[in-house]
Amino acid sequence: MMIMLRFEIKKIFSKRINKLMLMVLIAVTIVGSLLAIRDVKYYTDQGNKISGPAAARQLKMEKNRWQGYLTEDVIKQVVEENKEAKASSAMEDDALIKRQGIEDIREIINRGFAEPGEYDYYLCDNISPEKAAGLYEQRLVILNKDLGSGNADKAGFSQNEKEFLRDRYKDMNAPLYYEYMDGWKALLDSQYLPTLMIITIVIIGFLISGIFSDEFQFKADSIFFSSELGRNKAVTAKLKAGFITITAVYWGVMLLFSIIILAALGFGGAECMIQAGGNWNSIYNITYFQNWLFTMLGGYAAHLFILTLAMFISAKSRSTVIAITIPFALSCAPMFLGRVPMFTDIMSMFPDMLLRMCAFLEDLLVCEIFGKVFGLYTVLIPVYLLLSFVIAGVLYRNYRKAEVR
């Protein structure tokens with residue numbers, strides 16, 4: 001069995017075109033991580049801009065002045081320091097330089113007091129310290145306004161779903177712990193990770209597209225199915241080779257991307273809640289490290305489902321070309337169809353949502369099953385993992401009974 005498995009894996013990685021695709025994927029991963037690192041910027045007192053690790057070091061010193069819990073007193077101090085920076089600056093750019101260390105907390109205040117569907121970057125400049133101290137209570141107030149505003153996006157929520165959302169907001173531990181976390185934000189809150197996941201799934205689809213169709217393409221199916229173990233252990237070896245390839249390439253790419261960014265920008269902030277970063281309105285009360293695990297597991301579930309489906313279609317159609325199109329279609333097409341109002345709800349259940357979940361953690365996405373309400377992603381991940389193994393079972397059963405033509 002091991003010999004068969006090694007043979008199938010060797011077939012995948014010995015093809016020249018597959019080697020080239022892997023090299024392209026590694027290059028894209030490195031370039032994407034460098035772009036994410038470059039996006040971290042710091043402005044010196046002279047107005048010069050630096051980026052990358054040098055900027056991260058400066059920002060860490062500035063932001064860790066506020067390391068600790070964001071209590072009412074700390075929030076008041078941030079508002080006062082923000083007003084001082086503005087009052088002592090002749091231009092907005094000068095104020096921006098002075099408040100780099102409080103920019104994260106300033107952003108929480110801006111978002112925490114914004115009315116539903118609105119945002120004001122200068123809100124923190126005009127709020128009183130006393131009012132700002134009510135930040136945590138205001139979070140639930142804004143949610144209640146949003147749920148009761150008659151907004152078309154919220155009209156579909158049932159009473160159970162509204163109560164679920166309120167309970168999740170109440171469950172957030174306040175005050176939040178804060179420290180420098182730009183490494184995790186660059187990794188999880190940028191556009192590069194979802195893009196990389198889509199590129200990865202398309203390239204892996206290219207790698208595995210021939211696993212079940214090659215014998216038919218090369219007219220070797222009669223030999224394959226007439227051999228002693230061709231209809232059982234050989235089929236199992238193909239399935240295992242597919243799963244190993246998907247798992248190894250996906251986790252290899254994601255770990256490489258994550259390690260490069262965190263090594264350059266710092267691992268600090270892993271224990272900060274995501275609400276302390278860029279996800280103030282999220283219903284998921286998790287830390288940045290938990291968010292990384294959650295996002296990576298979601299991406300893996302999507303890869304496993306879409307690529308197992310591609311292998312199944314490859315086996316049924318006996319076509320490599322058709323199989324290659326499946327990952328691209330399921331990872332990209334729903335994203336555009338979801339913008340059409342009549343398709344929005346159904347498209348939110350498609351596996352591509354798991355490839356982009358880090359970009360939608362603030363969206364109030366829930367589903368109700370038999371009166372029990374869940375966050376959408378906590379349902380999609382196990383469902384698509386389960387469906388992957390169901391499809392694999394059907395694939396094994398059908399392929400071993402395939403007729404020789």
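**Close-up views of a predicted model**

**View 1. The largest nonpolar core and its best-connected members.** Start inside this predicted model: the largest nonpolar core holds 113 residues, and Ile 109, Leu 165, Leu 354 and Tyr 377 are the ones that touch the most other members. Helix 16, which covers residues 288-317, gives the most to this core, putting in 16 residues. Zoom in on Leu 165 and, once you set aside its neighbours within four places in sequence, you find it in contact with Leu 143, Leu 147, Phe 157, Ile 283, Leu 364 and Val 366.

**View 2. The whole chain, for orientation.** Pull back for a moment: the chain has 20 helices and six strands. Of its 405 residues, buried ones make up 50%. Look at the contacts between residues at least 6 apart in sequence, and 75% of those join residues at least 24 apart.

**View 3. Helix 1 against helix 2.** How do the axes of helix 1 and helix 2 cross? Helix 1 (residues 2-14) and helix 2 (residues 16-38) have axes that come within 5 Å and cross at roughly 70°. Angles of 65 to 115 degrees count as roughly perpendicular, so that is the label for this pair of helices. On the helix 1 side, the residues to pick out are Ile 12, Phe 13 and Ser 14, and they meet Arg 16, Asn 18, Lys 19 and Leu 22 of helix 2. Sorted by class, this contact has three nonpolar, two polar and two charged residues.

**View 4. Thr 29 and Ile 30, side by side in helix 2.** Stay on helix 2, where you'll find Thr 29 and Ile 30. Is Thr 29 buried or exposed? Its relative accessibility is 1%, so Thr 29 counts as buried. A polar atom of the Thr 29 side chain lies 2.8 Å from the backbone oxygen of Leu 25. Skipping neighbours within four places in sequence, Thr 29 is in contact with Leu 196, Val 253, Leu 256 and Phe 257. Ile 30, on the other hand, has a relative accessible area of 35%, so it is partly exposed. Not counting residues up to four places away in sequence, Ile 30 touches Leu 256 and Ile 260. Ile 30 and Ile 260 sit 230 residues apart along the chain, yet their C-alpha atoms are separated by 7.9 Å.

**View 5. Asp 146 alongside Pro 116.** Asp 146 is part of helix 9, residues 135-147. This is a charged residue by class, and with a relative accessible area of 14% it is buried. Check the backbone here too: the C-alpha atoms of Asp 146 and Pro 116 are separated by 5.5 Å, although the two residues are 30 residues apart along the chain.

**View 6. A cis peptide bond before Pro 175.** Which peptide bond is cis in this close-up? The one from Ala 174 to Pro 175, with omega near 0°. To find the spot, follow the chain into the loop between helix 10 (159-171) and strand 4 (177-178), which is where Pro 175 sits.

**View 7. Phe 370 in the loop between strands 5 and 6.** This loop runs between strand 5 (366-369) and strand 6 (372-375), and Phe 370 is found in it. Keep an eye on the backbone: Phe 370 is not a glycine, but it has a positive phi of about 50°. The relative accessibility of Phe 370 is 88%, so this residue counts as exposed.

Technical notes. Residues numbered from 1 in each chain as written. Predicted model: local features only at pLDDT ≥ 70, side-chain atom pairs only at ≥ 80, totals over all residues. Heavy atoms only, no water. Axes fitted to C-alpha atoms, helices over the stretch in contact; angles between N-to-C directions. Helix = DSSP H or I, 4+ residues; strand = E, 2+ residues; numbered from the N terminus. Parallel < 35°, antiparallel > 145°, perpendicular 65-115°, else oblique. Contact = heavy atoms within 4.5 Å. Buried < 20%, exposed > 50% of the residue type's maximum accessible area, 1.4 Å probe, protein only. Polar contact = N/O pair within 3.5 Å; in protein donor to acceptor, adjacent residues only side chain to side chain. Core = buried A, V, L, I, M, F, W, Y, C linked by side-chain atoms within 4.5 Å.
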